[in-house]
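The following note is offered to a colleague who is meeting this structure for the first time. The points are numbered for ease of reference.

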Amino acid sequence: MLIFGNLAFAAPWVLAALASLPVLLWLMRVTPPTPKRIDFPAIRLLFGLQSPEETPAKTPLWLLLLRALVATLIILALANPILNPGARLDGLGTVVLVVDDGWASADRWEPRRDTMLNLLARADREGRAVALLTTAPPPDGSPLRISGLMTANEAREEVQALQPKPWPVDRLAAAAAVRGADIDRPAEVYWLTDGILTPGEGATDDPSARELAAALQRLGTLHVLSDGPGDLSMSLSSPRIEGSDLRFTVRRASAASANIVWVRASAERGQLLSRQPVEFAPGTMAADFALDLPSELRNRVVRVELEAQRSAAAVSLLDERWRRRPVGLVSGESVDRDQPLLSGLYYVERALAPYADLRHSTISQVLERDLSVLVLADVGRLVGSDKTKLDEWVSDGGVLIRFAGPRTAQETDDLMPTRLRRGERNLGGAMTWTEPAKLAPFPQIGPFAALSISPDVRVNRQVLAEPTLDIGEKTWAKLEDGTPLVTGARYGDGWVVLFHTTANADWSDLPLSGLFVDMLRSLVRLSQGVDVQGNRVSLPPLALLDGFGRLGEPSPAAQPIASDEVETTRPGPRHPPGYYGVDEARQAFNLGGALGPLAAISGLPSSVSFEAFNESRERNLMPWLLTVALLLALTELVASFVLRGLFRGGVGVATASAIVLAVLGVAHPHSAEAQTPTQFSPPITTPAQIGDAYALNAALQTRLAFVVTGNADVDKLSEAGLLGLTRVLAARTSVEGGAPVGVDIERNEIAFFPLLYWPMTGGERPLSDQALAKVDAYMKTGGTILFDTRDAPDGGFGGTGRGTLALRTLLSQLDIPPLIPVPEGHVLTQAFYLMQDFPGRYAGGRVWVVQHGGGINDGVSTIVIGANDWAAAWALDADGWPLATVDNGDERQREMAFRFGINLVMYVLTGNYKADQVHLPAIIERLGQ
Amino acid sequence: MADPAVRQRAEELASTLPPLLVAAERVAMTVAQGVHGRRRVGPGESFWQYRRYEQGDAATVIDWRQSAKSDRLFVRQQEWEAAQSVWLWRDNSPSMHYRSGFTPSKIDRATLLLVALAALLIRGGERIALLGEERLPGSGRAALARVAATLVARAKADGPSGSLPPAEQLPRFSSLILIGDFLSPIEEIEPVIRGYAARGITGHLLQVLDPAEEDLPFTGRTEFEGVEGEGRLVVSRVEGLRDSYLKRLADRRANLKQLTRAAGWTFSTHRTDRPAQVPLLLLYELLSTGEG
């Protein structure tokens, strides 16, 4: 081993090969480069020519240097260079690695792993046997045990697979395991500790660390590797509800740690809701803080964590217990959606919506699910099973809030805090002398004691309580004259509260004031939250934290927790922290809260040597050097190719960069592996997807379409004709359509096409009703059909040709507006080209259009009928040669046919735009004036 | 190059010149009814002149209406309308596909020139045919389109014709346009030209070369390889050979010129980095003045 500073060569003798480099260079220098090869047609003229001078060609110097560099790199790589080599291990005996792999190691796990790997690399070089002991109980629940002797390489695999556990270490068990181990003495013992003790609430001393150290010292020399006191892990307690706040405690093991830590609160799916600092008073080990969030957001928090810490104890999961309370709303009146402001529950709903989970329904339905608070607006008398269930629910701890109203004034039941007089009291009405009453200040008893009244609230009507002895205790709010406005009383474990006025603005304007919101919130706070599972059940693990505080699938060894033991169970291999229960009602089980106060390890024997973690890991440079050498060799290859003229210009550069990129891709296989494997399910084609494919194909590009007649010749000509027209359109106009589509009028959807070419063969079968409906809808929603009877020699449309007869049969079934021959000045005659007649294969046949386009379909005729067999004139083969001759062999007629096609497509696509263009001169003239 | 693209570019090129009427002194022998008048009496459809009836004229040729206006008999004569036939040929050998740098390949340029010329001829009402096509000369845009399509198709597949025009029996006194690189040995070219010239056919040779072939711009150690199986040659310093190469090329051109002049033909050269209008104008001049 040859060492220069922090670089060492494990196989230094290979370096001797460097001496051979000059010889290699000289050899390359004298060999002339390969000539460039050039294909040259005029080579005959070169034969026999003599060059006046001959100087030997040489390889350029820079290329030689490049090659020398490649050779040097390869030699250096083979010498096995190592960056940051560790010193020799002390002693000669077995190396015992003891690692604290509990939650407290997770935050700085990489330095620990690197240190272990460095130690193992050194042990490997010296051929020492290795034993490994982890101090956290294994996940499978088996007892702690020191491993048998391994080679360093075997140990490396174990160390690389080692992960911090989301539970505390058990050093007493580890000490016992060490005492029972059979290891040759003296050994070299390296203890990678997390430096943290959890003495438990109230205890002042924890001897476990000292005991383990003592046990280890008996094996041989003990080296303790630890984080500095400033780097020790911290923990975050479970949430507590104090008043309206959600409070947490952050604990640290050493006063040397940072005084300010940042706390993050996030919602489901990791959405960050808040980030706030928490400050430790100097010298203290714990800091309390309340989550500083509006209630709406607070209810969405599912996870609170220390930002700079990465461990299971730095994460506090929240569940329903800390969420908003479910409140049921039941109204006695029939629900009237049209006048929400008069609705009995409108104001209650508005007041509570931000703070509670509201459920509207009937009493029996609302009570089927867990409920904290139930609001009844003017429900006069509860009867039957509703009464029984409600009674039971309130006795079990529910909070029932009732509002008075006309119905309550008539008759009530006994689920009331006090007995009421029948009838209501009217204040300030047209027939009374009294003024509407104001509120009196809140009495010192009851939940409203902390609130101050709103002076402008007026109460017009109320129901009155029968005066009883205890009415004063039950009155939580009253009017100026002393009559109770809100009364409340315990009922079993729960509460029954009555507002002596309505929940809407009929009887008072209390519901309009902000005070109403505060009063309702105070009442909701009376409730204890939902007891998720009333009776004892077993909660299976749902999602568990790993050592780094990440939620994941539960491990098979995790056991369910009984619902009433969640608070008392200590996290461990059988019960890792995380969520337990089922998705709808999960319970959070946190590690941080169970740990109690933290303390730093102290009082270890002075004979122990303390070391810090080795931050820089040993790195074998061989693969890197070889990669660089490979890249340079490829560069050299490309360069010499260029010199030989094998690449030209841009092609060369592109090829070279492609090669380099490909090599880079190969050289970093990890980047490819890092991608999560995606599972592809085999595509299943359904009829709907076929329909989608057809629709996408037809709709994504403007396409002309023709009706497939079943006559192969006609269909072929139609397709070729529309293809020819599409090409001519693309060449001359901005209409760049896709290949035309043949449609089966019975089966395919035609709504996608602006123009449908429909040749008549004479052999048409009558259309089905669906097809007729489709054609009718097509014409009424903007499509244009060009009917071509292809029988101009027989007199065209109006004559007696086969096509005409077939068309007549077809049209008789459709709703066709009156038709006229194309009049003079029709848009068809001037949409793109100016033309008066519209020849196709035949010339002279009349063309018919709808009489008034009118407002329908933008004024575009939905039907164009002619007999000139245009498709034949348009049909071009793949090379652009006409497929069919025109009538008299006059190519000009074919040109005119194309012009008609272009005019028609323009007419169909532009709607009334072209028609309006006619008026443009007049408009411009008017504008000019 | 696709067929329509060639045609379009060629027609753009040709549009700068008026329709080409091939000067045809010897039209008598390659008669074909054509659309443009020859400004002399002959078979045709448009009126040319009345002349006095002469002994021997058939009674049916007398224009009785004209004759009735005076005491004499008049014969109505039409203008002779005849078209010249021009055969076109382009070298289709592998060497024509050569291109150095960003110039068009020789075959592309030759095709363009030939189609442009054909367009001009067609607009002049002449008849054209491709050598080796074994079809009668045609007129009209269809013939132009056919010629262009055939040329493009031949440029893609290695067509039948090699680096020399085939010896074909053409009507006497037709015109022949040959475009190629004419890099074959002069001894092979000579009999072909002499053969055509002997039948009274006038011709024009246009040698199209790539700039690299004209200048030999290569340097350093280079291995040349012929594209038609001529063999290989390794040259250690090409720049040393340049002067002698240029001299050899000039000699060869002088030989070709000598050869064509002896046959009464013309010879011109063109390099692909120059605009195509130059040789087109030259050919236009040669054909319309009948110097060839």
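1. Helix H3(B) is mostly covered, with 17 of its 18 residues buried. The model is a predicted one, and this helix occupies residues 106-123 of chain B. From its first C-alpha to its last, H3(B) reaches 26 Å, which is close to the 26 Å expected at 1.5 Å a residue. After the helix comes B:Gly125, whose phi is positive, near 85°.

2. Chain A has a helix H3 of its own, at residues 109-126, and its neighbour in the packing is helix H4 of chain A, at residues 152-161. Two packed helices are described by the angle between their axes and the distance between the axes. Here the axes come within 9 Å and cross at roughly 170°. Angles over 145 degrees count as roughly antiparallel, and H3(A) and H4(A) are therefore roughly antiparallel to each other.

3. Which residues form the contact of H3(A) with H4(A)? From H3(A) come A:Arg113, A:Met116, A:Leu117, A:Leu120, A:Ala123 and A:Asp124. They meet A:Ala152, A:Asn153, A:Ala155, A:Arg156 and A:Val159 in H4(A). By class, the residues of this contact divide into 7 nonpolar, 1 polar and 3 charged. An α-helix has 3.6 residues a turn, so residues three or four places apart point the same way.

4. Strand E23 of chain A, at residues 461-465, deserves separate attention. Why is E23(A) described as largely enclosed by the rest of the structure? The reason is that 4 of its 5 residues are buried. A residue is counted as buried if 20 or more other C-beta atoms lie within 10 Å of its own. Strand E22 of chain A, at residues 420-426, runs antiparallel to E23(A), and 4 bridges join the two. Within this pairing, A:Leu420 stands opposite A:Ala465.

5. The two chains also touch each other: 29 residues of chain B are in contact with 24 residues of chain A. On the side of chain B, the elements giving two or more residues are helix H1 (3-14), strand E8 (222-225), strand E9 (232-235) and helix H7 (238-262). H7(B) gives the most, with 6 residues. This side of chain B has 13 nonpolar, 7 polar and 9 charged residues.

6. Strand pairing also links the two chains. Strand E3 of chain A, at residues 36-39, pairs with E8(B) in the parallel sense over 4 bridges. In this pairing A:Arg37 stands opposite B:Glu223. E8(B) is also among the elements listed above for the side of chain B that touches chain A.

Technical notes
Residues numbered from 1 in each chain as written. Chains lettered and ligands numbered in written order. Predicted model: local features only at pLDDT ≥ 70, side-chain atom pairs only at ≥ 80, totals over all residues. Buried ≥ 20, exposed ≤ 12 C-beta atoms within 10 Å, placed from the backbone. Pairing = 2+ DSSP bridges. Expected span 1.5 Å × (residues − 1). Contact = placed C-beta atoms within 7 Å. Nonpolar A, V, L, I, M, F, W, Y, C, P; charged D, E, K, R; others polar. Axes fitted to C-alpha atoms, helices over the stretch in contact; angles between N-to-C directions. Parallel < 35°, antiparallel > 145°, perpendicular 65-115°, else oblique.
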